[in-house]
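Below is a short note on the structure you sent, arranged as numbered points. Please read it alongside the model.

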Amino acid sequence: MANTQRLFGNGILHGGDFNPDQWRHDPRILEEDIRLMQKCGCNTFSTAIFAWSALEPEEDRYDFEWLDTATERLHAADRRVILATPSGARPLWMAERYPEVRRAYRDGRRWVMGERHNHCWTSPVYREKVRQINTLLARRYAHHPAVVAWHVSNEYNGECYCDLCLTAFRVWLKQRYATLDELNRVWWSAFWNQTYSDWNQIDPRAYGLDGMLLDWYRFTSGQVVDFFQWEAEPLRQANPELPITTNLMGFHFGVDYHALAEFVDVVSNDSYPGYDADNPELARAAATQSMQFDMMRCLKGRPMPWFLMESCIDGRSLWLNSHLKAPGLHELEMLQAIAHGSNGTLYFQWRQNRGGVEKYHGAVVHHAHPEETRSFHEVTALSARYAKIAEVTGSLNQSKVALVLDWESRWAYHAALGMPNYKHDWALTNEAAAHYLPFWSRGIGVDVLSSDVDFSAYSLVIAPKLFMLKPGLSARLHRYVEAGGTLVFTHLGGLVNETGLCFTDGAPGDGLEELCGVFVDETDELKGANESVGVRALARNPLGIEGEWRTTRAYSLGLLKGATPLAEYTETWAKGRPALAERRTGKGVTYFFLADFDSAGYERIYASIARSSRLVGACGTSDPLPPGVTAQLRQRGTTKYLVLLNFGTTPVDVPLLGEWQDVESQSHVAKAAPLAALSARVLMSQTSFVA
Ligand code: GLA
Ligand code: ZN
């Protein structure tokens, strides 16, 4: 069993990607790095991430000396190491000698020799080579006192179409479906005459069977998870106590992070939100980022401490072409991760590379005058803050609201030609974020989860556009609502089963129509940004919603099958048709949204749902906090840590219930907490006030 005490037991992690392999020619740099690390208070370094050629310059000839030296120096200076395995980029000698390790494009061509993230997931040679280097690293460093965790590979992503992978796909399908008859059935292969009579006929590049594409996504993601386990095995064997992580990429489409997280000991995430203080939508961008962090905390099916493996200290990040961060914004971005249960924030990268395409990427240590830069000063200041608030690492967020974001459902939606915005996976996550925003702005904590978990501990479950219903989910949702739960379900949800076949008993199907009391018949995708349909709350509706708002993106026309309408469309020939409905079942209730609504709509609806579900925010109120502000609560026993974040550009007073103490200044705070523009505060309380 991995023990995270050494990783998380020494305060907040602060540091970054550290590449001593790039500076072997100049030992003075290591000494300078150590001095600067101590000076700016950075304590943890993810080391040697793309260092395979430095570790194994020729096949079976190894050089660990430079890594020994760096690890020893870090240890002597009381810095900690998260040691990487190097599979994220393969050495050129390997690509040259064993072409099968190179990933294949759709047309079968092999990738170029160099670059990174371009190896085959299946190749026995690559797996063997990875096993070999990981075993040697494990033998040498798994018990090193400086090493507090493993950083396996880097940002696993991508698919390979080589013959080995295609063959493995067919084997995987055989295991899953046993017979071709079953495969033909679940893929609906009579469509376009694609009935298979031999397993070897299966080629995931053929177009037209979305069931096949869905399985290809599953297979590729499964190969990644399998590859991770393969990599992790020698590490675990050498020291079962040393936690293993791999750096994830937020909502990344290609890998089911819920499946992967099952095998990692600690979740870590890479995050580059590219915040811009001049962007009037900054708060909305921040809320989407918060939702991602809430998902990271819950990837293992329940809240668990996690950390930020990569972020960018200044605006000069390579891909995002982002603006410079206004003073304070970086600290705010980092404390945002802490607010959502992270126990640390690391940077890409510690020291800027002198060459290579990322040479101008943001870093703690710049090419010249490293101690005089704004980045260095901000990092130093943040280390000092982290030292003062270190006690938060023992606490974690607890939420009464669950938001469902399910990878397989996302894949099925994406594979089904013709769904609104189906080409753009981000449209689904953006829509989920629109549902999330009213909770964020009230400081009501949300756990973001797959559809596979037990929801019984949550007061409210929101499942926006949950296109796929896996077996058993409908029954679980029925039980949840009957027992008193509140469920939000929406149009474009509950349309297909786990193989992508449409339900024929209703829409939503699989018995969910009964729970929702609505049948969705037709959906209209709104094309232009200005196209929308008006919506009005019905007079004296049972939820007590008032006012008018508009749809966005898509709206549906449905028939009520036992539900009570709460709001209706006011325009076009949709006028008078239901836009929002509720159905009571047992002790609970289901709210059905027939459209994507604008933020005013979600705000109104969720204000009423929060009130009727007695949801109270971290500040003790269910009213919205000042614009741009959120508050997130972490708890340890009866001790509460309230992290206040202001993404607005004006100072505010955040109303508060209870007695609080500022963890850094020790000052007493009650009734209201002053919060500067673009800033964060951490308060602590022992009093209980939350309903
Ligand atoms: C990713 C990678 C890093 C680096 C950064 C640049 O997160 O993991 O190696 O390339 O992007 O932003
Ligand atoms: Zn392959």
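1. Four donors count as tetrahedral if all angles lie between 85 and 135 degrees; donors are N, O and S atoms within 2.8 Å of the metal (3.2 Å for Na, K and Ca), and with water not among the atoms, sites may look incomplete. The zinc ion (ligand 2) has a tetrahedral site, with angles of 100 to 119 degrees among its 4 donor atoms. The ideal angle for four tetrahedral donors is 109.5 degrees.

2. This is a predicted model, in which local features need pLDDT of at least 70 and side-chain atom pairs pLDDT 80 or more, while totals for chains, interfaces and linings use all residues; side-chain values use heavy atoms, without hydrogens and water. Residues are numbered from 1 along each chain as written, with chains lettered from A and ligands numbered from 1 in the order written.

3. The SG atoms of Cys 120, Cys 160, Cys 162 and Cys 165 are the protein donors of the zinc ion (ligand 2), 2.3 Å from it. Their spacing along the chain is C-x39-C-x1-C-x2-C. Cys 120 sits in the loop between α5 (92-97) and α6 (124-141) and Cys 165 in helix α7 (residues 163-177), so the pair ties together parts 45 residues apart in sequence (helices are DSSP runs of H or I, at least four residues, numbered from the N terminus).

4. Cys 120 is buried at 0% relative accessibility, and Cys 165 is buried at 2% (buried means under 20% relative accessible area, with a 1.4 Å probe and protein chains only).

Note on methods. Four donors count as tetrahedral if all angles lie between 85 and 135 degrees; four count as square planar and six as octahedral if opposite donors are over 155 degrees apart and all others between 65 and 115; anything else is irregular. Helices (H or I, at least four residues) and strands (E, at least two) are DSSP runs, numbered from the N terminus. Buried means under 20% relative accessible area, exposed over 50%, partly exposed in between (1.4 Å probe, protein chains only).
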